Amino acid sequence: MFEINLNKLRNVVNHLKLGDYGEVAIKRYVSTLRFFQHGSKKSDKICEIGPGGVIAYLAEDQNYICDAICSPREKHFDNYFEKKGIQIFNWDLNTELNKNNLSHMEGKYDCIFFLETLEHLNRWPEQVIEDIHYFLKPGGSLIISVPNLLRLNNRFRMLIGKSPKDPFRYSKDGRYHVREYSEEELRDFFALNHWKIVRSKHLFYLSKFVQFAIDWVPITKGFLGSIIILEVEKK
């Protein structure tokens with residue numbers, strides 16, 4: 001079992017030039033890596049879709065074959081990934097997967113990370129998730145995270161007559177959120193005949209006390225959790 005080293009994670013975040021967002025990203029990376037760390041199955045081939053720091057961190061470990069699937073418009077991490085030996089494949093997630101171009105990747109991966117990306121897409125979520133299903137081995141894991149639509153600051157904004165999504169506008173690079181999701185909605189995207197839901201967690205970045213409340217008083221997670229993390233397996 002590999003160890004999660006915060007100093008190494010910070011070095012990755014610094015190399016990726018994530019700036020002020022870096023400390024928030026580290027907390028999310030730690031939580032998703034713990035899901036991976038405590039998984040019951042051995043993982044050799046790993047991929048991150050819409051990638052960031054997790055695949056760069058795992059590439060430091062010689063036990064893993066690490067790939068990244070990126071939008072053709074996203075080139076900002078390419079040099080760093082190539083230095084780490086991460087192979088890069090292109091797929092615009094807003095379009096249907098062209099399986100003819102990626103037929104060699106069918107059932108390739110033991111684990112795929114898909115973090116804070118679904119909410120940026122203007123394609124129906126179940127279609128994206130079913131395309132990702134194509135890349136996993138039977139029994140392989142998908143670890144996905146999304147912002148929690150029902151979090152407290154969203155509820156407060158609506159109470160004072162504002163949209164929970166600020167700003168809500170189009171951009172070619174997909175920097176804004178198109179739609180956020182509740183845990184119930186996220187779970188519903190995984191067809192039971194294709195997927196098995198393994199575990200979930202709500203993450204709060206700003207306070208250990210609030211995180212403790214979320215972990216031990218389940219009724220609080222729906223409105224206190226900022227991020228939803230879900231692990232599912234391909235049947």
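Which residues of strand 7 are buried on one side, and which on the other? I took this as my starting point, and I noted at once that the model is predicted.

**Entry 1: strand 7**

I looked at the two faces of strand 7 in turn. On one side I found Ile227, Ile229, Glu231 and Glu233, and on the other Ile228, Leu230, Val232 and Lys234; all are buried. I wrote down the general rule beside this: in a regular strand the side chains alternate between the two faces of the sheet. The count for strand 7 is eight buried residues of eight.

Next I looked up the neighbours in the sheet. Strand 7 pairs with strand 5 (residues 136–147) in the antiparallel sense, over seven bridges. With strand 6 (residues 195–203) the pairing is also antiparallel, over eight bridges. I noted one position from each pairing. Serine 141 stands opposite Glu233 of strand 7, and arginine 199 has Glu231 of strand 7 as its bridge partner.

**Entry 2: glutamate 231**

I stayed with glutamate 231, which lies in strand 7. Is glutamate 231 buried or exposed? Its relative accessible area is 4%, which is under the 20% cut-off, so I entered glutamate 231 as buried.

I then listed what glutamate 231 touches, leaving out residues up to four places away in sequence: Phe35, Ser141, Leu142, Ile143, Lys196, Ile197, Val198 and Arg199. I checked Phe35 separately. Phe35 and glutamate 231 are 196 residues apart in sequence, and their C-alpha atoms are 7.4 Å apart in space.

Arginine 199 is also the salt-bridge partner of glutamate 231, with 2.2 Å between the closest N and O atoms. This pair links distant parts of the chain, since glutamate 231 sits in strand 7 and arginine 199 in strand 6, 32 residues apart. Arginine 199 is partly exposed, at a relative accessible area of 30%.

**Entry 3: other salt bridges**

How many salt bridges does a search of the whole structure find? I recorded twelve.

One of them joins the side chains of arginine 73 and aspartate 92, at 3.5 Å from N to O. Arginine 73 is in the loop between strand 2 and helix 4, and aspartate 92 is in the loop between strand 3 (87–90) and strand 4; the two are 19 residues apart.

Another joins aspartate 110 and lysine 137, with the closest N and O atoms 3.2 Å apart. Aspartate 110 belongs to strand 4 and lysine 137 to strand 5, so this salt bridge ties together parts that are 27 residues apart in sequence. I looked up the exposure of each partner. Aspartate 110 is buried, with a relative accessible area of 13%, whereas lysine 137 is partly exposed, with 27%.

I also noted a network: Glu183, Arg187 and Lys221 are joined by salt bridges that share partners.

**Entry 4: the nonpolar cores**

I turned to the nonpolar residues, with the general point in mind that in soluble globular proteins nonpolar side chains tend to be buried together. The largest nonpolar core has 36 residues, and Phe36, Leu58, Phe81 and Phe113 have the most contacts inside it. The elements that give two or more residues to this core are helix 1 (6–15), helix 2 (21–37), helix 3 (53–58), strand 2 (65–70), helix 4 (78–83), strand 4 (109–115) and strand 7 (227–234). Helix 2 gives the largest share, seven residues.

I picked Phe113 for a closer look. Not counting residues up to four places away in sequence, Phe113 touches Thr32, Phe36, Ile46, Cys47, Glu48, Ile49, Val54, Leu58 and Ile143. Apart from this core lies another, of 31 residues, and Phe89, Leu142, Tyr181 and Phe190 are among them.

**Entry 5: helix 5**

Which residues are buried in helix 5 (residues 125–133)? I listed Pro125, Val128, Ile129, Asp131, Ile132 and His133. Their cover includes strand 1 (45–49), strand 4, strand 5, strand 6 and strand 7.

**Entry 6: a surface patch**

Last, I looked at the surface. Phe212, Trp216, Val217 and Ile219 form a nonpolar patch there, with about 510 Å² of accessible area together. Trp216 has its place in helix 8 (residues 208–216). I entered Trp216 as exposed because its relative accessible area is 64%, and the cut-off for exposed is over 50%.

Key. Residues are numbered from 1 along each chain as its sequence is written. This is a predicted model: local features need pLDDT of at least 70, side-chain atom pairs count only at pLDDT 80 or more; totals for chains, interfaces and linings use all residues. Side-chain values use heavy atoms; hydrogens and water are left out. Patches are made of residues with over 30% relative accessible area and no salt bridge: like charges are joined within 9 Å, nonpolar side chains (Val, Leu, Ile, Met, Phe, Trp, Tyr) within 5 Å. Accessible areas come from the Shrake-Rupley method with a 1.4 Å probe; for residues, only the protein chains shown count as cover. A salt bridge is a side-chain nitrogen of Lys or Arg within 4 Å of a carboxyl oxygen of Asp or Glu. Helices (H or I, at least four residues) and strands (E, at least two) are DSSP runs, numbered from the N terminus. Buried means under 20% relative accessible area, exposed over 50%, partly exposed in between (1.4 Å probe, protein chains only). A nonpolar core is a set of buried Ala, Val, Leu, Ile, Met, Phe, Trp, Tyr and Cys residues joined through side-chain atoms within 4.5 Å. Contact means heavy atoms within 4.5 Å. Two strands pair if DSSP finds at least two bridges between them.
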